[in-house]
Amino acid sequence: MSEEKSETAATPATGTPTFPIVGIGASAGGLAAFEAFFSTMPADSDPGMAFVLVQHLARDHKSILADLVSRYTRMEVLEVEDGMVVRPNCAYIIPPNRDMSLANGKLHLQEPTLARGVRLPIDFFFRSLAQDQHERAICIVLSGTGSDGALGARAVKGEGGVVMVQTPESTEYDGMPRSAIAIGTVDYVLLPEEMPAQLLAYASRTFGTALAAPAPATPQAQDLSKIFQMLQSQTGHDFSLYKRNTILRRLERRMAVHQIDQMEDYVRYLQLTRGEVDALFRDLLIGVTNFFRDPEIFETIEKSVIPKLFEGKAAGSVIRVWVPGCSTGEEAYSLAILLREYLEEHQQNFRVQMFATDIDREAIEHARVGVYPSSIVADISPERLAQYFVQGHPDDSTYRINKAVRDMVVFSEQDLIKDPPFSRLHLISCRNLLIYMSAELQQRLMPLFHYALAPDGILVLGSSESVGDAGNLFTAIDRTAKIYQRKGGKAAPSRVDMTRISRPFTGSEIVRSWPGEVAPAKLSLLQLAERAVLRHFAPVGALVNERGDILYLLGRTGRYLEPAPGEAAMNIFRMAREGLRGDLMISLHRAVSLGVTTRNAGLQVRSDGSTATVNLTVVPVPTDEDATPPGLFLVLLEEATAVDHPMGDAAVDAVDAAAEPLPDLNDYILRLKQELRTKEEYLQTAVEELETSNEELRSAHEEMQSVNEEMQSTNEELETSKEELQSVNEELSTVNSELQAKVADLSRINNDMNNLLSGTGIGTIFVDHDLRILRFTPTISPLINLIETDTGRPVDQIRSNLATYDGLAADIREVLATLTPKELEVQAKNGDWYLLRIRPYRTLAQVIEGAVITFTDISALKKAEAVVRDSEALRRLVVMVRDSRDAIIVQDLAGRITAWNPGAERLYGWSEAEALERSYRSLMVESEAGQAMAELRLRAKDGRFEPLQQARTGKDGQTLQVSLIPSVLLNNAGEVYAIATTERIS
């Protein structure tokens, strides 16, 4: 019941805990760090926070970590179960063989998705902690090998949380702490026993009481103004147009880290503390990124966006891509990998120019090097990891993007707000950057992206971003994935007014930069009166630039302006009706060149079959450095009244008629009309030529802008190339030293191999596909007559000392054809035997480059086999004699018994030992012994096998009538050396 109450108190209805949750990651050597950490926690009070311990555990052994940690803390220590609610003043231990995440204040377990050796449970949990707790997240990285926890710590820092790391010198294994420090997102580097005090101090200031209400707008704006001024003066970057909440959260986090309560105190701390401005700058950058972030978005880019970039492009064309806000390069490299995969899959010849920019110089340097912790394996497929990354030394646990992908991307430092953009781009990927900027700045950047993109270029934004009110510039291709396509003509605008995006920073603008802080002032009576007068009496006109491009229309201009046939163009010269164009060009030219107001009265303008008398006025617009760009002119068109033109055409005709006769007047009028027509045609030609020249100049201007940007890019590339060449020079020196060491190793290995081949006594020959001898050992000479000069000769041209074998060349060709090894026994002319083996010669790349022939001396083996055969025959004979039921007796030529089997023992009664001491004659009846002995020897000599009947005397003295068959035993020389008899009772 008490637990339910505590959970209810600690966790509101939304499911989000109101207390800080601290994630602690450790691996090898982590137990000692856990002991040091928890042993220094207060023993007489609760910390008011929850601790979640994630350690690399053996997946097939039960963990006792919970029991061990419970010895050092007064908190309750629990091994996590799926769906367990996190409560304050408790420590939670991850179970073996599980990945763990945090969502809505609950811990969730799942089966590991990665194989043994590449699991990253600490990164996995830290990322979920950052997504669930945001700025309330706290993570600690303790002792361990590898780089697990580094990317998770970056995610925590990106959400405004705090990162603590154990000092590498105090760890048993410093891989994880050093990797986290290398990422550049660490707030505290402390000994484990120092962490609890710092952690409690931070938590008490940040979470101990409800956040105070914001200070009054003006004082806070003054403090913020000073902070922005210090940032801009020291880093060169203006953060005044970033979102207010983002700025304030980062400032409050820095104040909590340094235990500062008031903003004005932090301003003084910034002024007095060296390095804090840079630390704040890095906190404001929010460099949270990883490879293929939002995989479903990248899948859409791969399938829908990348193919569009190459549609309709000729072979050899250049595809230009820009990734602003690239941070440490993961997003840019991810796009480069997708582009490279597309080119390799379609075997197309295109040039890809990728520009990746950021205001963080350290991040750009990191991106150029392209070295990342091994924990990136959680974001990259094994196939891409193997193809596009090179693993560093096992001790440093890093991966480096391979050179082919690195060379595709040019990294440079650039401020999107104030620096000129790239142009003629086919793709801009600006994901998760605009969300940190105010709506005003976002809308200022949209025309810049429109300018930078080529016709039909594609813009990719983050999941929480959109083009906003710039729908007239972009068309949505995929609203879910936030992919847009550029609208507009074939060419981008000739220029983008960067002053509308970035302006000089003034402290007074801080209040205006965030809407809603100060109410707008009421309109004065003068302004209301001016609006009423303009609404009722303003003439028809247009605001144009010096080239005649219409920027704004006043009133109903249809009587004087109409769209020209052909390609649509908002140019006042092309839209002017008959009778207005010539005077309009002259008037605007005078206004541009002299800077004065020009007027033309009584112009006859034809409109819809009728003629109107119009007064034309061109007025230069005064330049306001803060608001109005230069080179603008106001064209006013006002229909003339009788007062304006008192003498009409009829009056002129009457005067002229009174002055001279009518026929001469008609001729004069015709002549004037002809001259007028000629001049109008000439003027029309001049106008067309001028328009053509203007178009050419406009194109040349755009080309010069592009060339200038290309030169800037080239200069950045050259600087990058210089740095890379220096790095390559250092790498070459290292490689040279390594090669010298390898040469020494190869020389030693070659000597070892020569001694090995000579010492084994195995004759060896190496031949190529044409059976030419490449190399041989001295042991082969007694078998095949080889000398050093025989290298390069075909082996079938060399005489051999083999007795009955002459198929060596044929067998080698057979082996090379079938790739099946062959073995056979051959005999030399001196009688020695050899085992001949023929095998294909395979390189490390599994390429067949010839054959290897070996001769192994097996003469001793042959002799041993003969002995074994004889022994086997003798063994079988012994078995036969032993198991026979007949008496088998062997006697030498002197008559001594030399063999006595069990059958003889059963027949005569003497044991084998007793019989071997007797003569065969002693078995015979004394009176018949001489005759019986002679008859036995004669029968054995003749070789007849008819049974012989004789009498024998047994051990018990009884006379036995036996039937026996005698036979002689011969040695290898064919000489008799013994007589064997087989006897049985007759």
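A residue is called buried when its relative accessible area is under 20%, exposed when it is over 50%, and partly exposed in between. The structure described here is a predicted model. Asp294 has a relative accessibility of 24%, so this residue counts as partly exposed. Asp294 lies in the loop between helix H11 (276–285) and helix H12. The phi angle of Asp294 is positive, at about 60°, although the residue is not a glycine. Most residues other than glycine have a negative phi. A second such case is Asn97, with a positive phi near 55°. Asn97 belongs to the loop that links strand E5 (90–93) and strand E6 (99–103).

Helix H12, which follows the loop of Asp294, covers residues 295–310. This helix lies across strands E11 (318–324), E17 (425–430), E18, E19 and E20, and runs at about 165° to E18. These strands belong to an open sheet of seven strands with mixed pairing, in the order E16-E12-E11-E17-E18-E20-E19. Strand E16 (409–413) and strand E19 stand at the edges; each has a single partner strand, so one side of each has no neighbour in the sheet. On average, neighbouring strands of the sheet are turned by 20° against each other, direction ignored. Another helix, H14 (residues 361–369), lies across strand E12 (351–358) and strand E16, and its direction is at about 160° to E16.

Within the sheet, strand E20 pairs with both E18 and E19. Strand E18 (residues 453–461) and E20 run antiparallel and are joined by three bridges. In this pairing, Ile458 has Gln485 of E20 as its bridge partner. The pairing of E19 with E20 is also antiparallel and extends over four bridges. Here Thr475 stands opposite Gln485 in E20. Gln485 thus has Ile458 as a bridge partner and Thr475 opposite.

Strands E19 and E20 form a hairpin, with four residues between them. In the turn, Lys482 has a positive phi of about 60°. Arg479 is also located in the loop between E19 (474–478) and E20 (483–486). With a relative accessibility of 64%, Arg479 counts as exposed, because the cut-off for this class is over 50%. The C-alpha atoms of Arg479 and Ser466 are 8.7 Å apart in space, while the two residues are 13 residues apart in sequence.

Two further helices, H7 (residues 195–206) and H9 (residues 244–257), pack with their axes 9 Å apart and at an angle of about 135°. The two helices are therefore oblique to each other. Their crossing is right-handed. On the side of H7, the contact is made by Gln198, Tyr202, Arg205 and Thr206, and on the side of H9 by Arg253, Ala256 and Val257. By type, the residues of this contact comprise three nonpolar, two polar and two charged.

Helix H5 (residues 150–158) is largely enclosed by the rest of the structure, because nine of its nine residues are buried. The buried residues of H5 include the charged residues Arg154 and Lys157. Also buried in H5 are Ala150, Leu151, Gly152, Ala153, Ala155, Val156 and Gly158. Just after this helix, Gly160 takes a positive phi of about 90°.

Terms used. Residues numbered from 1 in each chain as written. Predicted model: local features only at pLDDT ≥ 70, side-chain atom pairs only at ≥ 80, totals over all residues. Heavy atoms only, no water. Buried < 20%, exposed > 50% of the residue type's maximum accessible area, 1.4 Å probe, protein only. Axes fitted to C-alpha atoms, helices over the stretch in contact; angles between N-to-C directions. Parallel < 35°, antiparallel > 145°, perpendicular 65-115°, else oblique. Left-handed = near helix turned anticlockwise from the far one by under 90°. Contact = heavy atoms within 4.5 Å. Pairing = 2+ DSSP bridges.
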